[in-house]
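Dear colleague,

I am handing over the structure we spoke about, and below it I have set out what was found, so that you can follow each point with the model open beside the text.

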Number of protein chains: 2
Amino acid sequence: MSTNAYYGPEAHGPYELIGIGQLALEDGGTIPDCRLAVATHGTLNAARDNAILVPTWYSGTSKIIEQVYIGAGRALDPARYFIVVVNQIGNGLSTSPHNSSGALAGPGFPKVRIGDDVRAQHRLLTEKFGLTRLALVVGGSMGAQQTYEWAVRHPDFVKRAAAIAGTAKNTEHDFLFAETLLEAITTDPGFRDGRYDSPAEVAAGLKRHAKLWTVMGWSTDFFREGRHKALGFDAMASFVDTFMTGYFAPMDPNDLIAMAWKWQRGDVSRHAGGDLAAALGRIKARTYVMPISHDMFFPPRDCEAEQRLIPGSEFRPLASIDGHLGLFGTDPQMLAQLDMHLLELLARPVE
Amino acid sequence: MSTNAYYGPEAHGPYELIGIGQLALEDGGTIPDCRLAVATHGTLNAARDNAILVPTWYSGTSKIIEQVYIGAGRALDPARYFIVVVNQIGNGLSTSPHNSSGALAGPGFPKVRIGDDVRAQHRLLTEKFGLTRLALVVGGSMGAQQTYEWAVRHPDFVKRAAAIAGTAKNTEHDFLFAETLLEAITTDPGFRDGRYDSPAEVAAGLKRHAKLWTVMGWSTDFFREGRHKALGFDAMASFVDTFMTGYFAPMDPNDLIAMAWKWQRGDVSRHAGGDLAAALGRIKARTYVMPISHDMFFPPRDCEAEQRLIPGSEFRPLASIDGHLGLFGTDPQMLAQLDMHLLELLARPVE
């Protein structure tokens, strides 16, 4: 176990660390004492039917979800809903390589899949909060992967689902992109097979990783329109060095790698022997599929192909030249579109 | 000077090495004895008005231009035109880091800009072939950069221009993508600041470079539609290992770096004090701007913004899910579209 001041309540709180016990993992191995970092907003009503689950994306925590998506007058309004934001395993707040000890510490951390997160979250919601249904599961990127996994695995539990900028079955193309991210880190000599003493020793690899995110995460249009300058950076170099590298630099490399490995293998078709149509056909939730127009690695057409396999679902693309990282909340107009769709989805009657 | 069997007439011939003398470079330094590898097809007519120039792209040589774009019944038909394919400086056939000696060898090779290539080519065409006009300059990617440079620098010489999948002024976004390619190579410990003994010592870096090209060079749609499988590879892994890595593995890292540095800085606005509109406004050539629909780093909108600044030009996008590397000729339908546009352009009267 190593300490890393970045992952704490000062930067990411408030949240509660909730133990859900021993978690046996799909790919083998066990997390003996799995703890989920959970942030809640609002109050569960008497009927226990106003709960919304928001899982997190790669490198993200409950904090950015709160800052960008939750608030009075928003679709995710704590005055109306009991909103549970669960940090994914490996993200640095929940049980993760860097905060584990013994055999699980650092590079010894076992492989965790999207399905493991969803089983852990299901245990949390049922045992800790006594829930039997979710009014909505909504997430972006790896959060969308978890959203799809929830809807396929627990069709009666999930009443509505909104998958933003992500897929139910990761594409080969996206798998390779994630591999370039992984390799940017692991090829840094300072990484030392995961046995570095601090992220600072892997600074060069983390910076290359940040550059790849800059290239693929936004869009060519974003930079042509000078959106990075509108965010306060006078040039690409300062945008990369200050914003993007500054964002990733304090993060734990083994944590990022645990998440990227999981991201690469998101695939609900595992529940139907590899048959994606059969797996998505199980979904009973009212589902909105919401890619971002300029997303370079989850382009609308990939998402639409999946949407057509989900009974009663709707295709609701979000227009933004901010691309995938529009998830960061950089484009207020995209957030307005998202809220409009979510408000409509939440107003739909369900069983 | 190092030997590298990949760069020779066996793989890339026939071509002629033509000395154009001493070339003073825009960024300082000189190539004392600059030699261009030149492949010609067809015959110059008596009026000397049927010459077509085709410059090459990053990593490409005159061979792929011949194989994919030139032939009887094609727009570039040797029966009608005198087609001159000039390998760019640094591409391994023309004067390049790996085939230079003394102070210019390997990492000592001076920085070469697109403008240097065009000045070298102008000398070749005027002094060696006695040309005073070109019926067409056509090129893809870095070939498009050279095409724009030609049209701006020599507006009366270039009668028609066709810029495929490239820009007149490189974008900040594309600059960063090229930087990730460069760093994939230079961070390989085997690169040793350019003093490796053979490309094999930089195999890991060249493979990462190939992976980045795989991610950005094709498109998500390309892989979703299984186009890589249609090309004969059963999975992404074999496509990356055999096709993409196999393509780049024998190439000289310093040569690739010389080209990437040049590519990053392509910018015709240098001729007008940074005013792109003024520079493009000088073009007298009948110009077709031809981005590829699914190109991830020279997207149609970037190219269209430039097209609007070129007097009398036309926007002629090519539809192909093969993305930027459709330039390799993998999509026959895209080549058919290209030929149709080029035939139309060549049929247009010029002064």
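In this predicted model, B:Phe222 and B:Phe223 are both buried. The two residues also form an aromatic pair, with 4.9 Å from centre to centre and 90° between the planes, which is an edge-to-face arrangement.

Aromatic pairs of this kind recur, and the count over all chains comes to 54. One of them joins A:Phe177 and A:Trp213, whose ring centres are 5.7 Å apart and whose planes stand at 80°, so this pair too is edge-to-face, given that planes over 60 degrees apart are classed that way. The pair links distant parts of the chain, since A:Phe177 belongs to helix α5 (residues 172–186) of chain A and A:Trp213 to helix α6 (residues 203–217) of chain A, with their positions 36 residues apart in sequence. A:Phe177 has a relative accessibility of 1% and therefore counts as buried, the limit being under 20%. A:Trp213, at 5% relative accessibility, counts as buried as well.

A:Trp213 appears again in the largest nonpolar core, which has 238 residues; those that touch the most other members are A:Leu125, A:Trp213, A:Trp263, B:Leu125, B:Trp213 and B:Trp263. If you would like to inspect one of these, A:Trp263 is a convenient choice: apart from its neighbours within four places in sequence, A:Trp263 is in contact with residues including A:Phe177, A:Trp213, A:Tyr58, A:Met142, A:Phe297 and A:Phe298.

Turning to the strands, I would begin with β6 of chain A (residues 82–86), where 5 of the 5 residues are buried, so that the strand is largely enclosed by the rest of the structure. Both of its faces are covered, with A:Phe82, A:Val84 and A:Val86 buried on one side and A:Ile83 and A:Val85 buried on the other. Strand β4 (residues 35–41) of chain A runs antiparallel to β6(A) and is joined to it by 4 bridges, and within this pairing A:Thr40 has A:Val84 as its bridge partner. Strand β5 (residues 51–55) of chain A, by contrast, pairs with β6(A) in the parallel sense over 5 bridges, and here A:Val54 stands opposite A:Val85.

In chain B, 8 strands form an open sheet of mixed pairing, in the order β1-β4-β6-β5-β7-β8-β9-β10. Strands β1 (16–19) and β10 (314–315) of chain B stand at its edges with a single partner strand each, so one side of each has no neighbour in the sheet. Within that sheet, strand β5 (residues 51–55) of chain B and strand β6 (residues 82–86) of chain B pair in the parallel sense over 5 bridges, and B:Ile52 has B:Ile83 as its bridge partner in β6(B).

Finally, some values for chain A as a whole. Chain A has 13 helices and 10 strands, and its C-alpha atoms fill a box of roughly 55 × 50 × 40 Å along the principal axes. Its radius of gyration is 19 Å, which agrees with the value near 20 Å for a compact globule of 351 residues. Of those 351 residues, 64% count as buried, while the chain exposes about 12,000 Å², of which carbon and sulfur atoms supply 52%. Among contacts in chain A between residues at least 6 apart in sequence, 76% join residues at least 24 apart.

With kind regards

Definitions and conventions: Residues numbered from 1 in each chain as written. Chains lettered and ligands numbered in written order. Predicted model: local features only at pLDDT ≥ 70, side-chain atom pairs only at ≥ 80, totals over all residues. Heavy atoms only, no water. Phe/Tyr/Trp six-rings, centres within 6.5 Å; stacked < 30°, edge-to-face > 60°. Helix = DSSP H or I, 4+ residues; strand = E, 2+ residues; numbered from the N terminus. Buried < 20%, exposed > 50% of the residue type's maximum accessible area, 1.4 Å probe, protein only. Core = buried A, V, L, I, M, F, W, Y, C linked by side-chain atoms within 4.5 Å. Contact = heavy atoms within 4.5 Å. Rg over C-alpha atoms; globule rule 2.2 N^0.38 Å. Areas by Shrake-Rupley, 256 points an atom, 1.4 Å probe, with all protein chains shown as cover. Pairing = 2+ DSSP bridges.
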